[in-house]
Amino acid sequence: MDKKKLALSAVAVLATISLAACSNNKSSSSSSGTTGAAVKLSAAYNNTKATDKSATNNSTLKVAEPNDSPFQGISDPVLSTNSEDADVFSPGGSASLWKTDKNYKIVDGGLANQRINRKAKTVTITLRSNAKWSNGSKVTAKDIEYPYEVIANPKTTSQQYSADFNNIKGMAAYHTGKAKTISGITFPDGEKGRTAVLHLDKVTPAMQYAGNSFIWSTVEPYEYIKNVPIAKLASSSQVRKNPIFTGPYKLDKVVEGESTTWSPNKYYYGKKAQIKHISINVVSSNNIDKAIQSKKYDFTVPASVMHGTDYKQLKNLKDYKIVGQPALSYDYFGFNVGHYDTKTQKNVMDKNSKMANKNLRQAMMYALNLDAISKKFGNGITWRANTLIPPIFEKYYDSSAKGFPLNIKKANKLLTDAGYKKRNGSKWRSDPNGKKLTIYFGAMTGTSAQAAEYQDYLQQWHKVGLNVKFTGGKTMEMNSFYSTLQQPKQSKIDVYAAAWGLSSEPTPTQLYGEDATYNMGHFVTKKNTQLINNMNNSKAWNESYRTKAFKEWQDYMNEQAAVAPGSFSYSWNPVNKRVKGFDIGPDNNEFWSSLSLTSSKLE
């Protein structure tokens, strides 16, 4: 997929489509992207054995989705909010419009082609003539437009809207309920034709790349879902039980929260699927190593969560090849500094919130020993992050940024200078007004190694006199964790550990913009808005200007520490040696249909 980003499960880094582990728009390995890694991995497994046609036709490709919670089951990328759903529905192709090259740039040959006209300020999207859904119905121009309606509808459950979409004429009016249609999207040959034209206030450099936050990159089956109210779409059978797709495989069955099974989609326009049956099953992170060691699965879903502790257990298996590339994702720490105003549909900073003090936030980050944790549990494939732009984005990543290395002395000074002091013989610091201070930490239930990481965080915070406790006294189930954070206003979680899976275009509007629903800590300043906007203003067509804009934003976010970098990682997979054609490189737009088998049984 080419979405913008997905909330990831557990604090271990994983990669995704922008919202998405099912995407193939990821990066290939590069030296700059793995400077903190102790190992080097390849994005492809070059299996030289011959394909066994009988095995490919009659066997089932068995794929694991490591996850400690049932997947939600939302197949629609417009409505999905986590990478696990994207993973289990990935053989369907995620209804992606684009084909990309090795740099994620959109090229001709996908479900549709696009033409950017800077002078006219338009983007024309033209579907290929044989574009069909997996039920045989035609993909139409209305299918290109309808995602925007779902995303921007005032009653939608989608969390994809951000200010970047206001660049489309009429989008803001539709989003606020002042218009019933989006005036800036037109159909030269009618809604049932092949072409949609987006009329814009400006054309931005990000639009050249898949996963950008200005042009949505998937289609919606309008005729199939048009009778379902948008507010109820996420719970509909069309999305949960019987979804249709445009990719190489069609869905045969979904077992709620547990598994999906697939067979070739005869209407797919591209390379025909070779394997006749695919099953994807959820496996808990505590069981995934044993499941691979006992050869129950061919591989884990590309970009799904695999930890450094897993790598240590699986790296030497003789019947598996470890394949990986720098992840389009990162772990981070978020601080709750505001709320989301449902009337204005914007995030608002609360100057009196518990975590509003920048010194407090910086101190909590300097108190952590993230380098030691990465070394202990990362096993060479995870390292401390220094910014909120992963190093895989070579041009935009600020390698000179320091991030938050351990500095207890600095943490203590920041707290004391800001008035967070121990009073009346207490072991804990009180707030600047002398009131008792208890900080609640939200974290998702994960592996035993993650549990140890969380305990280390608490111990480090305690060392500097901060009384930090788990929200509810323990870690939280993934869905409960995100449902709490995504409330317009909540006071249960003050600081949290989470992860983002990114798309292949790093503009962060959908994550940290003023009206981004994914801005779950609600950090908003005029300067932040300006710095993000600079990444795609008229001057940003100059690459040196755009690079500088990205680095200025990274420095500013580190200085504010309202969202702070945790760790970077490889996205990697153990691949059984009977699998042929496994390649997660960004220019392999036919990941699932390129796969075949060399044996009827896992080797």
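Helix 13 (residues 478–485) gives the most to the lining of the largest pocket, chipping in five residues. This is a predicted model, and the pocket in question holds about 520 Å³ of space. Of the 30 residues that line the pocket, Thr 157, Ser 158, Gln 159, Gln 486 and Thr 517 sit closest to its centre. Sorted by character, the lining comes out as 10 nonpolar residues, 19 polar ones and just one that is charged.

Turning to the sheet, four strands make up an open arrangement in the order 5-6-8-7, with antiparallel pairing. Strand 5 (112–117) and strand 7 (185–186) are the edge strands, each pairing on one side only. Strand 7 is held to strand 8 (residues 195–199) by two bridges, and the two run antiparallel; here Ile 185 stands opposite Leu 198 of strand 8. Helix 3 (residues 141–152) lies across strand 6 (122–127), strand 7 and strand 8, and runs at about 35° to strand 8.

Then there is a helix pair. Two packed helices are described by the angle between their axes and by the distance between those axes. For helix 9 (residues 358–366) and helix 16 (residues 543–560), the packing angle is about 95° and the axes are 8 Å apart. Angles of 65 to 115 degrees count as roughly perpendicular, so helix 9 and helix 16 are roughly perpendicular to each other. Helix 9 brings Lys 358, Arg 361 and Gln 362 to the contact, while helix 16 brings Asn 558, Glu 559 and Gln 560. No nonpolar residue takes part in this contact of helix 9 with helix 16: the split is three polar and three charged.

How values were computed
Residues are numbered from 1 along each chain as its sequence is written. This is a predicted model: local features need pLDDT of at least 70, side-chain atom pairs count only at pLDDT 80 or more; totals for chains, interfaces and linings use all residues. Side-chain values use heavy atoms; hydrogens and water are left out. Two strands pair if DSSP finds at least two bridges between them. Contact means heavy atoms within 4.5 Å. Axes are lines fitted to C-alpha atoms, for helices over the stretch in contact, and angles run from 0 to 180 degrees between N-to-C directions. On a 1 Å grid over the protein atoms alone, a cavity is a set of points where a 1.4 Å probe fits but cannot get out, and a pocket is an open set with protein on both sides within 12 Å along at least five of seven lines; lining residues have an atom within 4 Å of a point. Grid points are joined across faces, edges and corners, and a volume is the space filled by probe spheres set on the points. Ala, Val, Leu, Ile, Met, Phe, Trp, Tyr, Cys and Pro count as nonpolar, Asp, Glu, Lys and Arg as charged, and the others, Gly among them, as polar. Angles under 35 degrees count as roughly parallel, over 145 as roughly antiparallel, 65 to 115 as roughly perpendicular and the rest as oblique.
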